[in-house]
Amino acid sequence: MIIKNNLAAINSERYLLLTVGKEAKRTEKLSSGYRINRSADDAAGLSISEKMRRQIRGLGQASVNAQDGISLLQSAEGALQEVHEMLQRMNELAVHAANGTNSKQERAYIQKEVSQIITEINRVAATSKFNETRMFDGSLARQTPAGSTAPKRIIQDIVIYPAAVIEQTEDKFWAAAPGNENIKQMLKTQLVPQAIQALADTFDDTFGYLSGSTIGIGLSVYDKDDDGILAALAMRSSYWSNYNPPKFELEYRLSVNIGYLDFIDKDTGKLTDDSRLELEATLVHEMMHGMMMEALTAGMGHYDLWASFHNDGFPTWFVEGMAQVASGGMDWILNSLKLNAQSSDTEIQDTLSHPHYSLDSGSVYSHYGTGYLAAMYLGYLVNGKTSIQPSAVADGLDLLMSDIRGGKSLDQAIANYTDYQGLSDFEAGFAVDSITFIKQLLTLSGKGRGALVVNDYTETDLLEDVDMPDTIFSVNTEYTWVNNIYPDGYTVISGGTATKDGVEGPDYVPANQTGTTTPGQTGGDNTNPTTPGGGTTPGGGTTPGDGTTPGGGTTPGGGTTPGGTGQTGVVYLGGITLQVGNEADETITIYIERMDANSLGIEQVDCRTREGASQAIETVKEAIHRVSAQRAALGAYQNRLEHTIQNLDNVTENTQAAESRIRDTDIAKEMVGLANQRLIRKAGEAMLAQTKQMGADILRLLAT
C-alpha cells in the first residue's frame, strides 16, 4: 500500500471531473434548447446550420417583401377601380351627349362634369402613392432604352484611337529578363495577329465584321516563374456621360509571363517547340475572350457599363469552354478528366456528373474541361447534328454566337436550335445526352488538341511562324493598357445575356437566316452584280423581316439575297423590383403604366357637340380597355406574388425543420443522458470519498 500519493483518489477525481463536465454540457443543451451552442460542439453542423439560418431569415424577409408588393398592387388596384368608375360615368355622359335630343346648353352642362372627371383622373394619377412611391406618374412604367427598338446599323469600319493611352505603367517586370523586346515584337507581329486571323476565319459570321478595324491592346511582358499564369487578357469599360456626345471606352491589356516559358535562346526570344505551342494555345484562348467581349457582349467577361450583363452573365463553363474549343481542350480531357477513346459510357457519364467536374461545380475542371466538351456538343447540335467534323462544329458555334450578337440570349438560342428548352435544360441533360458525341470526338482527336482554329482535331501546331499585319487588335508594345474611344453612335455593349434578350450588335446581319414568308426579290445580275435587289418582300426564315431593306445584290443573278432584317430583343428599364428571394438575382419586376388623362387619351374629350360626344364614346372605350389591361396585369402580379409567398413560406418551413434537426436538442435523449451522468457522478463522488479514507486505514494499521 502507498501513502505518498493516493493514486486511487486521484484516478477517482479525474473520472469524476470528466463526468461533471459531460453533465454540465448536457445541462447546457437542455437549458438552451440547442444541441450546438459553440462550434466545438459540432463544427460542420454549425456551418451548415448558419448557412440554413441565412436562407431562413432571407426567405422570411423575402416573404414580407412579396407581401409589401401585394400591398402596393392592392393600393394601385383600388385607385384604378375608382378610375374605372369615373371612366364608366364619362362613357355614360358621352352616350347621353351624343343623343340628338340634347340642346347646346345641356351638352355644356354635361361637359362640365366630364371636365371635372378628367381633372380628378389626373389628380389620382399624380397623387396616388405607396410609401412615398408614386404609382401612376410613369416612373414605374416599362421603359425602352434609346436605340433598343431600332438599333443603328452602321455600315462602316470601326474608328478606334489606339494611341489614346490613359495609363502608362512602370512595371518592375517590364524589362526583367533579356530578350523581352524580341518577345514583344514576336507577340506584336506574329502570335497575336495569327491568333486573331485564325479566329476570324473560323468564326467569320461572328467576327468577320471586325476586319480592318484597329482596336488597340496594351502589352505587359514580365518574368515571374512562380506566377502560375502564362498569359491573360484583361478588359475595363468606361462611360463618360459628361461629354457631348458621351464617350464609350474599352481598355485592353494582354499580359504574358515569360518566366513560364522555356527558351532555346533567351536573347533572341526563340522558344522550345513545347513552349511555343503552349504560348500559341494560350494566346488563341485569351484572344477568343477578347473577340467575344468585343463582338458579342461584355457580359462574356462579366463586365458591364450597366448592371444587366453582370447580373445575368454567361455561365463560366460557356465563356471558358468557347475559348477552349478555339485553342483546344483535349489535354484537359485526357489528363484531368481522365477520359479517352476507350472510356465506357458509364465512365463518361459518371465523370461528367461528378460533383468536381459537372458543369455547375464551379471548378477549373468544369470550366476548362467539361466546358470544352459542352461547347463542342452545343456546336454540333446547333449545326443540326450533321457532322462531328471541326468545320461543322465551328459553323454551329458561329451561328450561335452570331445570334447572341444579334441580341438573342444564350437561353433562347439554345431553345431555337436544339431540342432543349433552354440553357438550364441543356445543362441538366448534357452528362447523359452527349456520351455518343464525346466518344466520337475522343476517337477523332486521339492525342491532338482538338482545336477548331486549325480545322483538324489531331493538329498540335496552331499558328504559323511568320509575320503578318494587324487584322483587328493592334498590339502596343510601349504601354500596358490601351484605351479605345468609340465613335458616336457605335453600339459598344451589345448582344444578349445568359437568359435575357439584349441589343443588336454593330453591323449585325443574321447568319443563314431570312425573314418570315417568302424570299426577297433578286439580287444583281451577271453584268452588274453590285446592283441592290428589290428586297420589298419579307424573307422566308424564322426571324420576322421588315421587308424594307434592299437586298445586298452581291450574288450574281441568283436572286437569293433576303429582304429586310428581323426584330431584336429589348432590355426594358423602369418598374419597381421586388426582392423575393435570398439571392441577389431572385427578383420580380412590376410595371405600372402612366394612367393620367393624357396617357389614356381622354384629355381632349369634348361633349359640347353631338359629333364630339360620338367620338368621345370611342375614346373612352379605349381608355377603359387600357385601364382594364393594367388592372388585369396588377391582378396577375398579385396572383404570382401570392404563389411566391406560399412557396417561400413552404421552403422556409422545410428549411427550418432541417436546421432544427441539426441545431436543436433532442430533449428525451439528453434527459436520459443527464440521468445517466448524474448516477455516474454520484457513484464517482462515493468512490472518491472511499479512496480518501485509504490513508486513514493505513494509519490504523500502523498504530496496531
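Thr-655 of this predicted model is in contact with Met-52, Gln-55 and Ile-56, once its neighbours within four places in sequence are left aside. The residue belongs to helix α17, which comprises residues 610-663. Its relative accessible area is 11%, and Thr-655 is therefore buried, the cut-off being under 20%.

A second residue of this kind is Gln-190, located in helix α4 (residues 180-202). Gln-190 has a relative accessibility of 14% and so counts as buried. Outside the four places on either side in sequence, the contacts of Gln-190 are with Gln-185, Arg-276, Asp-465, Val-466 and Asp-467.

**The chain as a whole**

The chain has 704 residues, of which 46% count as buried. Its secondary structure consists of 19 helices and 13 strands. Among contacts with a separation of 6 or more, 74% join residues 24 or more positions apart.

**Helix α1**

Helix α1 covers residues 7-32, a run of 26 residues. At 1.5 Å a residue, the expected span is 38 Å, and because the end C-alpha atoms lie 37 Å apart, the model agrees with that expectation. The buried residues of this helix are Ala-9, Ser-12, Leu-16, Thr-19, Glu-23 and Lys-29. An α-helix has 3.6 residues a turn, so residues three or four places apart point the same way. Part of the cover over the buried residues of α1 comes from α18 (667-692). After α1 comes Gly-33, with a positive phi near 85°.

**Positive phi outside glycine**

Two loop residues have a positive phi without being glycine: Lys-338 and Asn-455. Lys-338 is placed in the loop between α9 (330-335) and α10 (345-353), whereas Asn-455 is found in the loop between α15 (435-445) and β9 (473-476). With a relative accessibility of 59%, Lys-338 is classed as exposed, since the cut-off for that class is over 50%. Asn-455 has a relative accessible area of 48% and is therefore partly exposed. The table sets out the values for these two residues.

| Residue | Phi | Relative accessible area |
|---|---|---|
| Lys-338 | near 60° | 59%, exposed |
| Asn-455 | about 55° | 48%, partly exposed |

**The pairing of α12 and α13**

How do the axes of helix α12 and helix α13 cross? Helix α12 (residues 390-405) and helix α13 (residues 410-417) have axes that come within 9 Å and cross at roughly 135°. This angle makes α12 oblique to α13, because it lies outside the roughly perpendicular range of 65 to 115 degrees and is not over 145 degrees, the limit for roughly antiparallel. The crossing of α12 past α13 is right-handed.

On the α12 side, the residues that meet α13 are Leu-399, Leu-400, Asp-403 and Ile-404. Their counterparts in α13 are Leu-410, Ala-413, Ile-414 and Tyr-417. Classified by type, the contact of α12 with α13 contains seven nonpolar residues, no polar residues and one charged residue. The charged residue is Asp-403 in α12, since Asp counts as charged.

Technical notes. Residues are numbered from 1 along each chain as its sequence is written. This is a predicted model: local features need pLDDT of at least 70, side-chain atom pairs count only at pLDDT 80 or more; totals for chains, interfaces and linings use all residues. Side-chain values use heavy atoms; hydrogens and water are left out. Helices (H or I, at least four residues) and strands (E, at least two) are DSSP runs, numbered from the N terminus. The expected span of a helix is 1.5 Å times one less than its number of residues. Buried means under 20% relative accessible area, exposed over 50%, partly exposed in between (1.4 Å probe, protein chains only). Contact means heavy atoms within 4.5 Å. Axes are lines fitted to C-alpha atoms, for helices over the stretch in contact, and angles run from 0 to 180 degrees between N-to-C directions. Angles under 35 degrees count as roughly parallel, over 145 as roughly antiparallel, 65 to 115 as roughly perpendicular and the rest as oblique. A crossing is left-handed if the near helix is turned anticlockwise from the far one by less than a right angle, and right-handed if clockwise.
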